[in-house]
Every structure is written in C-alpha cells, then in structure tokens.
Amino acid sequence: MNQTKPNRLRFAGAATLLCVAALAGCATQSTSGTVYREGETRRAQIIEQGTVESVRTVTIQGDTNGVGTAAGGIVGGIAGSNVGGGSGRAVGAVLGAVAGGIAGQAIERNASTRQGLEITVRMDNGTLRAYVQDADEQFRPGDRVRIVTGGGTSRVTR
C-alpha cells in the first residue's frame, strides 16, 4: 500500500485543525455600547451624563496573537513540501511556510479589524472626554448621552 496518501491525509487533517484554531484565536471581544459580558452583569455601575461634541469614524484593530501566522506557516510549509522532488521539496517547504505565514498574518489582522466611533462628550461637570466603541449606534453632536462606567470600562449610551 502506498504510504504517501495516508501521510497527506494526516497533514490535511492537521492543517484543518490549525486553521480552525487560528479562526478561534481571531475572535475578539465586543466593544459595543450595547453588549455586556457576563462578568459585567449584576454589578453596580456609575452613570454620568453629557452632550456629544463630535463623532468621527475610526478603525478598531483587535489584538493579534500570532496564531494566524503560525497556522499559515504550517499549512504553507506542508503545501510547499509537495512541490518538486528531492532538495526541491525542502525549498518548496520553506517558501511555502514563509508565504503561508504572511498570508495567515494578514487574515488574522483583517479578521480582527472593524469600524468604530470616537465619541467626544462634554460632561455636565464641564470636562471633555473621548470614548471609542463599536459603530453599532448612531450619535450626533448635540445628543444627550449617558456614560456607563464599571470595572474599568466605559460606554456611551442614550
């Protein structure tokens, strides 16, 4: 029996698992003003009020943990090792690993990037503060808003 086919199946299975792990690693915490994590529930929070001075669109880039780069490098290395024969396989593996790592890094970065808002608020006590959160609510200058703060995070709400 040809041993090449079972080895390729094992490599394909390992590559699939690495890709799934990479995607799971790309999941980011929401920075929405309307989403609460379970640990934030049933806790007293401080409420302040103010008026929106300005709103601008920003890009929120999530943290990357290198899983995409590693998974892409492994998958690319495996794919590249199937090119050519003899020493060409080793060269193909190295080139495939480099290309796969670059592609994996780009995929991870893009998967964790989303649109957000920088909302500048003139608080009722006169101070000026800026908050960045997901762009899932609309705010306009002159809107009265509440700032909900607890556990080191703040969110702008209506």
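In which strand is Gln133 found? In this predicted model, Gln133 is found in strand β3. The overall fold is described before this residue is taken up again.

The protein chain has 3 helices and 5 strands. Along the sequence, these elements follow the pattern α-β-α-α-β-β-β-β. The chain holds 158 residues, and 29% of them count as buried. Contacts between residues at least 6 apart in sequence were also examined. Of these, 67% join residues at least 24 apart.

The 5 strands form an open sheet. Their order is β3-β2-β1-β4-β5, and the pairing is antiparallel. Strands β3 (128-134) and β5 (153-157) stand at the edges. Each has a single partner strand, so one side of each is left without a neighbour in the sheet. On average, neighbouring strands of the sheet are turned by 40° against each other, with direction ignored. In general, strands of a sheet pair through backbone hydrogen bonds, either parallel or antiparallel.

The pairing of β2 with β3 can be followed in detail. Strand β2 covers residues 113-123. It is joined to β3 by 7 bridges, and the two strands run antiparallel. One residue pair can be named: Val121 has Arg129, in β3, as its bridge partner.

Leu128 also lies in strand β3. With 46% relative accessibility, Leu128 counts as partly exposed, because the buried class ends at 20% and the exposed class starts over 50%. Leaving out residues up to four places away in sequence, Leu128 touches Glu53, Thr120, Val121 and Arg122. Leu128 and Glu53 are 75 residues apart in sequence. In space, their C-alpha atoms are 8.6 Å apart.

Charged pairs come next. Side chains of opposite charge can pair when their charged atoms come close. The whole structure contains 6 salt bridges. One of them joins the side chains of Glu53 and Arg122, at 3.4 Å from N to O. Glu53 lies in strand β1 (residues 46-61) and Arg122 in strand β2, so this pair ties together parts that are 69 residues apart in sequence. Glu53 is partly exposed, at 41% relative accessibility. Arg122 is partly exposed too, with a relative accessible area of 31%.

Another salt bridge joins the side chains of Arg144 and Asp124, at 2.8 Å from N to O. This pair links distant parts of the chain, 20 residues apart. Arg144 sits in strand β4 (residues 144-150), and Asp124 sits in the loop between β2 and β3. Arg144 counts as partly exposed, at 45% relative accessibility.

Asp143 and Arg158 form a further salt bridge through their side chains, at 3.2 Å from N to O. Asp143 belongs to the loop between β3 and β4, and Arg158 to the segment after β5. The two residues are 15 residues apart. Asp143 counts as buried, at 13% relative accessibility. Arg158, in contrast, is partly exposed, at 49%.

Nonpolar residues were then considered. In soluble globular proteins, nonpolar side chains tend to be buried together. Here, the largest nonpolar core has 10 residues in all. Its members are Val52, Leu117, Ile119, Val121, Met123, Tyr131, Phe139, Val145, Ile147 and Val156. Strands β2 and β4 are the elements that give two or more residues to this core. The largest share, 4 residues, comes from β2.

Ile119 is one member of this core. Its neighbours within four places in sequence are set aside here. Ile119 is then in contact with Val52, Ser54, Val55, Arg129, Ala130, Tyr131, Gln133, Phe139 and Val156. Several of these contacts are core members, among them Val52, Tyr131, Phe139 and Val156.

Gln133 appears in that contact list as well. Is Gln133 buried or exposed? At 1% relative accessibility, Gln133 counts as buried, because this value is under 20%. The side chain of Gln133 reaches the backbone nitrogen of Val156 at 2.9 Å. Residues up to four places away in sequence are again not counted in what follows. Gln133 touches Thr31, Gly33, Ile60, Gly116, Leu117, Ile119, Phe139, Arg155 and Val156. Among them, Leu117, Ile119, Phe139 and Val156 belong to the largest nonpolar core.

Definitions and conventions
Residues are numbered from 1 along each chain as its sequence is written. This is a predicted model: local features need pLDDT of at least 70, side-chain atom pairs count only at pLDDT 80 or more; totals for chains, interfaces and linings use all residues. Side-chain values use heavy atoms; hydrogens and water are left out. Two strands pair if DSSP finds at least two bridges between them. Axes are lines fitted to C-alpha atoms, for helices over the stretch in contact, and angles run from 0 to 180 degrees between N-to-C directions. A salt bridge is a side-chain nitrogen of Lys or Arg within 4 Å of a carboxyl oxygen of Asp or Glu. Buried means under 20% relative accessible area, exposed over 50%, partly exposed in between (1.4 Å probe, protein chains only). A nonpolar core is a set of buried Ala, Val, Leu, Ile, Met, Phe, Trp, Tyr and Cys residues joined through side-chain atoms within 4.5 Å. Contact means heavy atoms within 4.5 Å. A polar contact is a pair of N or O atoms within 3.5 Å; within protein, one must be able to donate a hydrogen and the other to accept it, and residues adjacent in sequence count only if both atoms are side-chain atoms.
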